[in-house]
Amino acid sequence: MNREEAYELLHKYMKGENYIQHSMAVEAIMRGLAKRLAPEDVEYWGIAGLLHDLDEEQCDWRNHPEVHGPTSVNILHENGVNDPVLEGAIMAHNPLCGKKAGTTIEYALLAADPMSGFCKSVAQIYPDKKIASVKHKSVVKRFKEVRFAAGANREYMNAIVNTGLTLDDLIDVALEEMTAIADKLGL
């Protein structure tokens, strides 16, 4: 599967603009992480980010979080995509489905997912609401405030250390990559 095919699949199953923007933000962060961790697999890692929430509008994940991930894998299979590495990353981004991260791409996606929303939340408190205005130190400061963006799982973001990168590295990648596509993210 290439990026264009993944994008078409995303739009087949996801209609909400906020969900699509989130998926694109996670794709961008995953591409940035791959540049550091798996330079030969930048597009592939991006696809994992783009499709990580493929089932967002297809299952009752709010009441049954264990189905978020497995439903995406079923959608992939229904569309002729059988890729155990991709499936593992998508499943591991939601440990509540029973799959724990164990590979570099799985830990990267686990961390990238909440970091995208966290950086967006920081941008939203700036007067211009632009991701380009967000400074690294602001993200770190807000990260320490447990009530700020309380839904962004800090444990998952900190899991980036299992890749050999630091939380600071993740913040830098997220800000850089999200800024690069800010127009697509409405930021």
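Here's a short chat about the aromatic pairs in this predicted model.

Student: How many aromatic pairs does the model have?

Tutor: Ring centres have to lie within 6.5 Å to pair. By that rule, the count comes to 2.

Student: Take Phe-118 and Phe-143: is the pair stacked or edge-to-face?

Tutor: Their ring centres are 5.9 Å apart. Planes over 60 degrees apart count as edge-to-face. These two planes sit at 70 degrees, so the pair is edge-to-face.

Student: Which helices does that pair link?

Tutor: It joins distant parts of the chain, with the two positions 25 residues apart. Phe-118 belongs to residues 104–124 and Phe-143 to residues 136–143, which makes the helices H6 and H7.

Student: And what angle lies between the planes of Phe-118 and Phe-148?

Tutor: That's an aromatic pair too, at 5.6 Å centre to centre. It is edge-to-face, with the planes at 85 degrees.

Student: How many residues apart in sequence are the parts that Phe-118 and Phe-148 tie together?

Tutor: Phe-118 lies in helix H6, while Phe-148 is in the loop between H7 and helix H8 (154–158). So the pair ties together parts separated in sequence by 30 residues.

Student: Are Phe-118 and Phe-148 buried or exposed?

Tutor: The cut-off to use is under 20% relative accessible area for buried. Phe-118 falls in that class, and so does Phe-148: buried.

Student: Which residue has its charged end over the ring of Phe-148?

Tutor: Phe-148 is in a cluster linked by ring pairs, along with Phe-118 and Phe-143. Over the face of Phe-143 lies Arg-154, at 5.5 Å from the ring centre. Over the ring of Phe-148, 5.3 Å from its centre, sits the charged end of Arg-142.

Note on methods
Residues numbered from 1 in each chain as written. Predicted model: local features only at pLDDT ≥ 70, side-chain atom pairs only at ≥ 80, totals over all residues. Heavy atoms only, no water. Phe/Tyr/Trp six-rings, centres within 6.5 Å; stacked < 30°, edge-to-face > 60°. Helix = DSSP H or I, 4+ residues; strand = E, 2+ residues; numbered from the N terminus. Buried < 20%, exposed > 50% of the residue type's maximum accessible area, 1.4 Å probe, protein only. Lys NZ or Arg CZ within 6 Å of the ring centre and 35° of its normal.
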